[in-house]
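Trainee: Could you take a close look at one pocket with me, and then follow the contacts outward from there? I would like to learn how to read such a place step by step.

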Amino acid sequence: MSQKIVIEVKNLAKQYGSDIALSNISFSVKKGEIFALLGSDNSGKTSLIEILEGLRKPTSGEAIVLGFNINSTIEMREIKKIIGTLPQDFKTYDNLTVKENIQFWGKMYDFMLNPDDLMTLFNLNEYSNVRYKKLPNNIKRKVAFVITLVNDPELVFLDEPTAGMDQYTKKEIWDLLLSLREKGKTVFLTTNHALEPQAIADRVAILHQGSIKDIGSPEELIDRYSSEKKFIIRCPNVEVKRETIAILDDIPHSEDEIGDIFVSSDEIILSELLEKLERANVKYSDVITQRPTLNDVFLVLTGHQLKRI
């Protein structure tokens, strides 16, 4: 039996004056999957997710969310009752405590999960009676997640959900999203970091300049566009990096801002390069093998680099 479709988007477009934010977007999202929209800043991610949430109207095209048409004002009201949303710029009441905030938002729905259970799930019990404005930023983001789930939604929209979080808290959130999937919930998230969808997403849509370049599982996309491993020469300082680059000559390579030099996956070419470095007495710190990532896929499809975490 085929998997139920919870989001169906057909030829969706959005313009702001003469600026095209989205151009004939079409895709579907299945029940119980984590679907990631991967794109750089200003690629159209937020416009798309806000249209699906009912915060913006498309210029043209249509989308069905949980069986309801987003172009219908009446049906959009029904959608909002059964989804959870977490915007980038989430705001709540500074002078209410964590528990009071959860209760406030929960009362807006016909059904509300137990606030104490939610705080336990997110390890927030110690902050229950702390005013929101006094919380550290990563804890504020966790509270936002609790509020997003307060109505036990079937479908959750998350716009760059782990932006600004430390690695430990990100891992906590990723584990939570995976647990939601195990319960049959559907997660739709946007991100401008490739590590996130590669770690948890079932499928990824690459969005660039308002158009979807391709969709597939992280493994499918990597196999399709960037199946070869790379060798990375780590340089201990700027001076060594300059010396190394000068020796490369016509050997294919690229570099980044933190000192890494990427060279061909051809082991013969790598061997020739290392011999040159040794003859010149240039002391690099390490050579490592890097498997292909969604960063590589994004670069192939768009010609642009994503942010590094």
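Mentor: Gladly! We need one sorting rule before we start: Ala, Val, Leu, Ile, Met, Phe, Trp, Tyr, Cys and Pro count as nonpolar, Asp, Glu, Lys and Arg as charged, and the others, Gly among them, as polar. With that rule, the lining of the second largest pocket divides into 9 nonpolar, 4 polar and 6 charged residues. Please keep in mind that we are reading a predicted model.

The space in the second largest pocket comes to about 470 Å³. Its lining has 19 residues, and those closest to the centre are Lys80, Ile83, Thr85, Trp105 and Tyr109. Try sorting these five yourself with the rule above. Where does the lining come from? Helix 2, strand 6 (83-86) and helix 5 each supply at least two residues to the lining of this pocket. Let us visit two of these elements in turn.

We begin with helix 2, which covers residues 73-82 and holds both Lys81 and Glu78. The two side chains form a salt bridge, with N and O 3.3 Å apart. In sequence they are 3 residues apart, about one turn of the helix. Are these partners buried or exposed? The answer lies in between: Lys81 has a relative accessible area of 42% and is partly exposed, and Glu78, at 31%, is partly exposed too.

Helix 5 has a salt bridge as well, but here the partner sits in another element. Lys142 meets Glu172 with an N to O distance of 3.0 Å. Lys142 belongs to helix 5 and Glu172 to helix 6 (residues 167-182), so this pair ties together parts that are 30 residues apart in sequence. How accessible is Lys142? Its relative accessibility is 4%, and because the cut-off for buried is under 20%, Lys142 counts as buried.

Now follow the chain out of helix 5 into the loop that leads to strand 7. Which residue does Glu154 pair with? Glu154 forms a salt bridge with Lys31, and their closest N and O atoms are 3.4 Å apart. Glu154 lies in the loop between helix 5 (137-148) and strand 7 (155-159), while Lys31 lies in the loop between strand 2 (19-30) and strand 3 (34-38), so the pair ties together parts that are 123 residues apart in sequence. Lys31 is partly exposed at 32% relative accessibility, and Glu154 is partly exposed at 35%. These two also belong to a network of salt bridges that links Lys31, Asp152, Glu154 and Lys185.

While we are at the loop between strand 2 and strand 3, look at Glu33, which is found there as well. Unlike Lys31, which is partly exposed, Glu33 counts as buried, at 5% relative accessibility. A polar atom of the Glu33 side chain lies 2.8 Å from the backbone nitrogen of Lys30. Leaving aside neighbours within four places in sequence, the contacts of Glu33 include Ser28, Arg181, Asp202 and Arg203. Lys185, which we just met in the network, is another contact of Glu33.

One more residue reaches this stretch of chain: Gln3, in the segment before strand 1 (5-16). Gln3 is partly exposed, at 44% relative accessibility. Apart from residues up to four places away in sequence, Gln3 touches Lys30 and Lys31. The C-alpha atoms of Gln3 and Lys30 are 6.3 Å apart, although 27 residues separate them in sequence. In addition, the side chain of Gln3 reaches the backbone oxygen of Lys31 at 2.6 Å.

Finally, step back to the whole chain. It has 11 helices and 14 strands, and buried residues make up 47% of its 309 residues. Contacts between residues 24 or more positions apart account for 67% of those with a separation of 6 or more. How many salt bridges does a search of the whole structure find? There are 13, and the pairs we followed, including Lys81 with Glu78 and Lys142 with Glu172, are a good place to begin.

Notes:
Residues are numbered from 1 along each chain as its sequence is written. This is a predicted model: local features need pLDDT of at least 70, side-chain atom pairs count only at pLDDT 80 or more; totals for chains, interfaces and linings use all residues. Side-chain values use heavy atoms; hydrogens and water are left out. A salt bridge is a side-chain nitrogen of Lys or Arg within 4 Å of a carboxyl oxygen of Asp or Glu. Helices (H or I, at least four residues) and strands (E, at least two) are DSSP runs, numbered from the N terminus. Buried means under 20% relative accessible area, exposed over 50%, partly exposed in between (1.4 Å probe, protein chains only). On a 1 Å grid over the protein atoms alone, a cavity is a set of points where a 1.4 Å probe fits but cannot get out, and a pocket is an open set with protein on both sides within 12 Å along at least five of seven lines; lining residues have an atom within 4 Å of a point. Grid points are joined across faces, edges and corners, and a volume is the space filled by probe spheres set on the points. A polar contact is a pair of N or O atoms within 3.5 Å; within protein, one must be able to donate a hydrogen and the other to accept it, and residues adjacent in sequence count only if both atoms are side-chain atoms. Contact means heavy atoms within 4.5 Å.
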